[in-house]
Amino acid sequence: MIIAKRPAPLDPARIAAVRRPFDEADMFPPQVFHDAALFAWESEEIFRHEWRCVGRDEETPNVGSYRLLEFAGEQVIISRGEDMQLHAFINACRHRGATLIEGPADGRSDCGEAKKIVCPYHAWVYGPDGKLQKAKHTEDLKRFNPGDYDLVPLRCETWQGFVFLTLDTDAEPLLTYLDDLVDVFSRFNFAPLRRAKREVYEVAANWKILVENYSECYHCPGVHPQLNALTPYDLGEDIPARGWWKGGWQPLVGEALTMGLDKGSHERPWLHGMTETDAKRIQYFAVWPNLLLSLHPDYLMVHMIEPLGPGQSRVVCDWYLHPDTMKRPDYDFSDAHGFWDMTNRQDWHVCELQQRGTASQQLPPGRYTELEASVQAFDLMVADRYAADGVRTARGWAAGLAPGDMEGIDFSDRQAARAAIAAKLAAAELP
Ligand code: FES
Ligand SMILES: [Fe+2]
C-alpha cells in the first residue's frame with residue numbers, strides 16, 4: 001500500500017467519520033470536491049504515485065509507434081522499442097530540455113511512428129526505447145557517458161491489454177498493486193479486444209463525484225429508467241475485494257441479453273472467458289483511483305477519469321469488442337454505444353448538480369443509504385489515502401447482503417427473484 005508522505009489537508013475527524021462502520025459513517029464534507037489545497041494534495045500524493053491506466057497496448061502496435069500524453073502534469077511519450085516492449089519517458093531532451101515530439105498543443109497529432117527520436121533543437125538522437133544513440137560533438141567531453149543521458153523513464157506495465165504508468169520509482173509491480181483483481185479477471189482475455197468506439201466528455205464535477213456515482217444504482221430508477229428496466233437498481237451484489245479496487249454485479253432480467261437501446265436484445269458473441277453466469281450479469285469494477293471497467297457479456301466498456309481541476313474532469317469512455325465481431329457482416333454497435341452515451345450523459349448531469357450544490361459552505365456531510373455501501377467502499381480508499389496512517393479500513397456490506405447471497409437465484413422473473421432474496425435474508429437472520 002502506498003502511504004502518502006503527509007496526511008491530506010482535511011480535518012482528521014472528518015476522515016475518521018467516513019471510516020466508521022458503514023451504517024454509522026458520514027460522507028465526506030462537501031469541501032473535498034472544491035478545495036484547491038486538497039486537490040493539490042491529491043495531485044501530488046495520489047496521481048503522481050499510483051499506477052494509473054492511460055490506454056491500451058493496441059494504440060502503439062509497431063516498433064517506433066508512439067503516443068504523447070500528459071500524465072500527472074508531465075509530458076510523456078509512450079513508445080514501442082525494438083524489443084517490442086513499451087517504454088515511457090518524459091518528452092524532454094537530455095541536452096537542454098527541448099520538447100522532443102510536438103503534440104496537439106502545437107497543432108500536431110498525439111500519435112505517430114518514429115524509429116528514431118531526433119531532437120528538433122541540436123539533433124540529439126534517441127531510440128524508441130529512450131536510449132541516447134547520438135550526440136554530436138560530445139566525443140571529447142570529460143565526465144560524459146552517453147548511457148547517463150537516456151530519456152527520463154517512467155514505469156510502464158500492462159495488464160489485460162491496458163497500459164499503466166506511474167511516476168513512483170518505488171511503486172510495487174503493477175500485478176502486485178492490482179492484487180486479487182488479477183485473479184478475478186483471470187478467466188478473461190481482454191488483451192486481443194479492439195476499440196469499437198470512443199466518446200470524450202468534459203464534466204464539471206470532481207473526479208470522486210464521478211467514481212461515487214459509478215459505485216451505486218440507488219439513482220437508477222429516476223436517472224436511468226432505460227437502464228433500470230434491464231438491470232433493476234435493487235438487484236445485485238458486491239464482489240469481495242482485497243486489493244485497491246471494488247466491484248459488483250447486477251443481473252440482466254427478463255429477456256435482456258446485454259445493455260442496449262433495443263432492450264438489450266442484441267446477439268453479439270460473448271467475450272472470451274464469459275461463463276453462463278457472467279452472461280446473465282453486468283459486472284462493474286472501479287480500480288483505484290480512476291479506472292472503471294464495465295463487463296458486459298458481449299463488450300467491455302472502460303471509463304478513464306482524468307481530473308483537470310477540483311471541479312472539472314475529462315472522461316474518456318471506450319468500448320471494446322473482439323476484432324472478429326467487428327468484421328461480421330451484421331456488425332452494428334449503435335445499440336450499445338447509443339445506450340451508454342445516453343446513460344453517461346444522464347450521469348454527468350446529476351454529477352454536475354452535486355458539484356454545484358456542494359459548493360455551499362453551509363452544507364454538512366450526508367449519509368450513506370443502505371444501497372451505498374459500495375460508495376463508502378470507494379470513499380474508504382480515499383479516506384485511507386487521506387489519513388496517511390497505513391491503516392486499511394475494512395469495508396461493510398449493504399443491507400445484510402453478503403457476497404454469494406444471490407448465487408443460484410433465477411433473475412428471469414424479477415418478482416420471484418426479489419422474493420427469493422427476501423427469503424434468504426430472513427433465513428440468514430434466524431439464530
Ligand atoms: S535541446 Fe535537444 S539537442 Fe539540444
Ligand atoms: Fe448512473
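Strand β4 and its surroundings in a predicted model

Modeller: Strand β4 is covered on both faces: L86, A88 and I90 on one side, H87 and F89 on the other, are all buried. This is a predicted model: local features need pLDDT of at least 70, side-chain atom pairs count only at pLDDT 80 or more, and totals for chains, interfaces and linings use all residues. Residues are numbered from 1 along each chain as its sequence is written, and chains are lettered from A and ligands numbered from 1 in the order in which they are written.

Biologist: What makes a residue buried, exposed or partly exposed?

Modeller: A count of other C-beta atoms within 10 Å of its own: 20 or more is buried, 12 or fewer exposed, in between partly exposed, with C-beta atoms placed from the backbone. In β4 (residues 86-90), 5 of the 5 residues are buried, so the strand is largely enclosed by the rest of the structure.

Biologist: Why is V223 called partly exposed?

Modeller: V223 has 17 C-beta neighbours inside 10 Å. That value lies between the limits of 12 and 20, so V223 counts as partly exposed. V223 sits in helix α6 (residues 220-223).

Biologist: What does V223 touch, beyond residues up to four places away in sequence?

Modeller: Q346 and V350. A contact means C-beta atoms, placed from the backbone, within 7 Å. D347 is 124 residues from V223 in sequence, yet 7.4 Å away, C-alpha to C-alpha.

Biologist: What makes two strands a pair?

Modeller: DSSP must find at least two bridges between them. Strands themselves are DSSP runs of E, at least two residues; helices are runs of H or I, at least four; both are numbered from the N terminus. Strand β3 (residues 74-80) has 5 bridges to β4, so the two pair, in the antiparallel sense. I77 stands opposite F89 there. The hairpin of β3 and β4 has 5 residues between the strands, and M84 takes a positive phi near 65°.

Biologist: How many bridges link β4 to β9?

Modeller: 2, again antiparallel, with β9 covering residues 153-159. F89 faces P153 in β9.

Biologist: Why are β6 and β8 edge strands?

Modeller: The open sheet runs β6-β7-β8, with antiparallel pairing. β6 (117-118) and β8 (132-134) each have a single partner strand, so one side of each is left without a neighbour in the sheet. Strand β7 (residues 125-126) joins β8 by 2 bridges, and Y126 stands opposite L132.

Biologist: How do you know that helix α10 has the expected span?

Modeller: The rule is 1.5 Å times one less than the number of residues. For the 15 residues of α10 (residues 373-387) that gives 21 Å; the end C-alpha atoms are 20 Å apart, which agrees. Also, 15 of the 15 residues are buried, so α10 is largely enclosed by the rest of the structure. A388 follows, with a positive phi near 55°.

Biologist: What makes the protein as compact as a globular protein of its length?

Modeller: Its radius of gyration, taken over C-alpha atoms, is set against 2.2 Å times the number of residues to the power 0.38. The value is 23 Å, close to the 22 Å given for 431 residues, so the protein is as compact as a globular protein of that length. 40% of the residues count as buried.

Biologist: Where do the domains lie in the sequence?

Modeller: Domain 1 is 12-40 + 188-414, and domain 2 is 52-170. The bounds come from an automatic or database domain assignment. Their centres, over C-alpha atoms, are 33 Å apart. 9 residues of domain 1 contact 7 of domain 2.

Note on methods
Two residues are in contact if their C-beta atoms, placed from the backbone, lie within 7 Å.
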